[in-house]
Amino acid sequence: MSNMTLVAGLLALAAIAAPLSMATEAPPAQTDFFESRVRPVLVEQCYKCHNSAKLSEGSLALDFRGGVLKGGDGGAIVVPGHPEKSRLIPILRHEISGIKMPKNGGKLSERVVSDFEKWIAMGAADPRDKPPSAEELTKATSWETTLQTRKQWWSFQPIRKVAPPAFPGDSWASHPVDCFVLARLGEKGLEPAASADARTLIRRLYFALIGLPPAPDEIERWAPRVVQPRGYDQLVDHLLASPHFGEHWARHWMDWVRYAESHGSEGDPEIVNAWYYRDYLIRALNADVSYDQLVREDVAGDLLLKPRINKDLGINESIIGPAQWRMVYHGFAPTDALAEKVRFIDDEIGTFSKAFLGLTVSCARCHNHKFDAISQRDYYALFGVLGSCRPGRVAIDTPERLNANRDKLAALKPRIRSAIAGAWLDSAENLRVRLENKEGPWKDASDGRSPLHPLLLQHKQAADGARFSDAWRGQVAAWKADRDRRDKIFGQTYRRWNMANAADYATWFRQGNGLAEKPAPAGEFSVSIAGDTLLAGIYPSGVCSNALTAKSEARLSSATFRLNDSYELWLRVIGDGGATARYVIQDYPRTGTVFPEAKLAKEWQWQRLDLSYWNGDEAYVELAAGKDQPVQANNEPRSWFGLREAVIVPKGEPAPGETLEFLDPLFETAGETAPESFDDLIAYYLKTVDAAVRAWEKGSATDAQAVFLDACIKQGVLANRFDQLSAVKPLVEEYRQVEEDVIVPT
């Protein structure tokens, strides 16, 4: 080969190589454009399927320059300098039948596709000289890298001050926002619309700000003014001051948080008092409460150290905000409570993230988000917070209103107790006479729950010829058997909470001023607020939410425990006014079918709740006054409950049922000495009553003495009416007047 031939060949090779060399030596601006606008899209949307580390789909590798220029089975997809000839663009726009990329995602935005067009038009600059290694590819496509890229989006950047475009002498752009609008209009070759006439402007403002049309006289009043200097601003201020402003814009906020007044599904139970949230929003918007404050309140207004107080209404406004969490669909008696919890927590996450973050966080429930900077870990971190919350209702009145008069009531109670106890002790001789009388109150004590029932039995058995002491020993044997049965049941409990025990009580969650920090001692009592009786009840130690007034707010729930279908739950409870007891599965707030609930009665009783359906599920026990129940609440002004203990015992064991506990003091007084006559037995009664009354007066009564005294006042053994204890009447009437002024919680 001649030298001339060799030179010609080299020149030809150089000419062929020149375009590729030029592509790799693109100006820095073009390379920067690729790195910032194109490569991130390729990494996130394309590398998974089109990479050089494994057999790529369609034999197309997009992770280095050579693969992009070569194309795949269908030939080249990018023609540098010619976006109109590049198949990549119609593929991204989903314009080629059967080929839509990204494969498993939505169509890329037009802005992104335009970036690819611009990149190709500039020559498809691409500094990726060689395919990445497997490690490099793994790192480039990892979630950590994707997350860092997504965090750079403009919407996640801190707010910064930007100088608006300047338009000297242009009166249209009178506001910084107008300057940006005008600049963008100019980019598109557009002119601002002509100014509206006064009447059109007035109508637009009315509809925009209060959602209502102006009355004809309002148009005539404002038409001359709105075109004057400051006239427009004055009309805006006028409409912002209208109560209709809050009504109109609260509707939009309510749409964001999917406001509802019922839970849907079968039965469609009402969300009681949901309208309080609606009115709260209206008040807040009319009061110009800031957006960030409203968000704080909607997310955790019950936890704010300095809540927003409405002094005119006497309510805590902030605590109403979290009501939006409860406006979710609740299925009726779902057979999979955990699936139901996952569904309604997911609903809460979706609503919260869309309304307040502008993100669809729920998309990350099963995987890292396909588009946003949200990981699956983020989703479950939020799920953990919301899933740890228990549904319930809270009073929104200020503590000052809720607790008004409670100190007065607490001060009156010792005086009432002392006066009644003194009267009972003074009437001991009268009680003796009544018991010795052959027509005395014991004749009506056929009910086994009467404290005088043993006296009636002795009379009957003596009349049948039984020896008095032998008849008594029979009753003592029955009493001991009952006590042994109780001890046996409690000795084999799977779990037991004794509400008289401060340590047990401390593990429960309290809500409301009706529940004290510590258990009430034996002998706690409630004053009757109507009728001719003085005391409504004397209680053993434990929890009673009506110690001062049955108007008190009260909801009590245990720690979470796991259910076992070999056991059943028994609760020793009392209550009135629609108060309920139940166990809650996976935070499901409703009752029905496999979600049992017990309505409480005015007498202490053992309430059985079957656990068998929910073997293995997590649950907790909940007692609530009528107004404090999570969903099926009532509006009874007075509702209360009491709890002595909760036990989980093996199935098939005899129910704790009715016991002879109220007779413990009487049989313990007698001891092993059997009475030989009625006089002996009456002496035991008088001694038992005297000891119980004196202990109650001093505040040192036992549980058995408290139950015994309660039975005595309800069976007429001890006086409990105004006509019997007239000296106590003024104190009780004062108590009633003070209690009447206690507000019913909102």
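This report walks through salt bridges, surface patches and a few single residues of a predicted model.

**Salt bridges**

Let us begin with the charged pairs. Across the whole structure, a search turns up 42 salt bridges. Three of them are set out here, each with its N to O distance.

| Basic partner | Acidic partner | Distance, N to O |
|---|---|---|
| Arginine 485 | Aspartate 482 | 3.2 Å |
| Arginine 582 | Glutamate 622 | 3.0 Å |
| Arginine 644 | Aspartate 703 | 3.9 Å |

The pair of arginine 485 and aspartate 482 sits within one element: both residues belong to helix α21, and they are 3 residues apart, about one turn of the helix. Their surroundings can be read from the accessibilities. Arginine 485 has a relative accessibility of 24%, so it counts as partly exposed. Aspartate 482 has a relative accessible area of 9% and is therefore buried, as the cut-off for that class is under 20%.

Now for arginine 582 and glutamate 622, whose closest N and O atoms are 3.0 Å apart. This pair links distant parts of the chain, with arginine 582 in strand β11 (residues 580-585) and glutamate 622 in strand β14 (residues 618-624), 40 residues apart. Both arginine 582 and glutamate 622 are buried.

The third pair in the table brings together the side chains of arginine 644 and aspartate 703. Because arginine 644 lies in strand β15 (residues 640-650) and aspartate 703 in helix α25 (residues 703-714), this bridge ties together parts that are 59 residues apart in sequence. Arginine 644 is buried at 7% relative accessibility, while aspartate 703 is partly exposed at 24%. The two also belong to a wider arrangement: salt bridges with shared partners join Arg496, Arg572, Arg644, Glu645, Glu661 and Asp703 into one network.

**Surface patches**

Turning to the surface, you will find a patch of negative charge where Glu436, Glu676, Asp679 and Asp680 gather. One of these, glutamate 676, is located in the loop between α23 (664-670) and α24 (678-698). Its relative accessibility of 48% makes glutamate 676 partly exposed.

Glutamate 676 also has a link to helix α21. Among the residues that serine 469 touches, leaving aside those up to four places away in sequence, are Ala674, Pro675 and Glu676. Serine 469 is part of helix α21 (residues 468-491), and it is buried, with a relative accessible area of 1%.

A nonpolar patch is worth a look as well. Trp172, Val177 and Val181 form it, and together they offer about 240 Å² of accessible area. Within this group, valine 177 is placed in helix α8 (residues 176-187) and is partly exposed at 48% relative accessibility.

**Glutamate 348**

Is glutamate 348 buried or exposed? With 8% relative accessibility, glutamate 348 counts as buried. Its place is in helix α15 (residues 337-357). Which residues does glutamate 348 touch, not counting those up to four places away in sequence? The contacts of glutamate 348 are Arg258, Trp325, Val328 and Leu386. Proline 519, by contrast, is 171 residues away from glutamate 348 along the chain, and the C-alpha atoms of the two are separated by 36 Å.

Methods:
Residues numbered from 1 in each chain as written. Predicted model: local features only at pLDDT ≥ 70, side-chain atom pairs only at ≥ 80, totals over all residues. Heavy atoms only, no water. Patch = residues over 30% accessible without salt bridge, like charges linked within 9 Å, V, L, I, M, F, W, Y side chains within 5 Å. Areas by Shrake-Rupley, 256 points an atom, 1.4 Å probe, with all protein chains shown as cover. Salt bridge = Lys/Arg side-chain N within 4 Å of Asp/Glu carboxyl O. Lys, Arg positive; Asp, Glu negative; His and termini not counted. Charge placed at Lys NZ, Arg CZ, Asp CG, Glu CD. Helix = DSSP H or I, 4+ residues; strand = E, 2+ residues; numbered from the N terminus. Buried < 20%, exposed > 50% of the residue type's maximum accessible area, 1.4 Å probe, protein only. Contact = heavy atoms within 4.5 Å.
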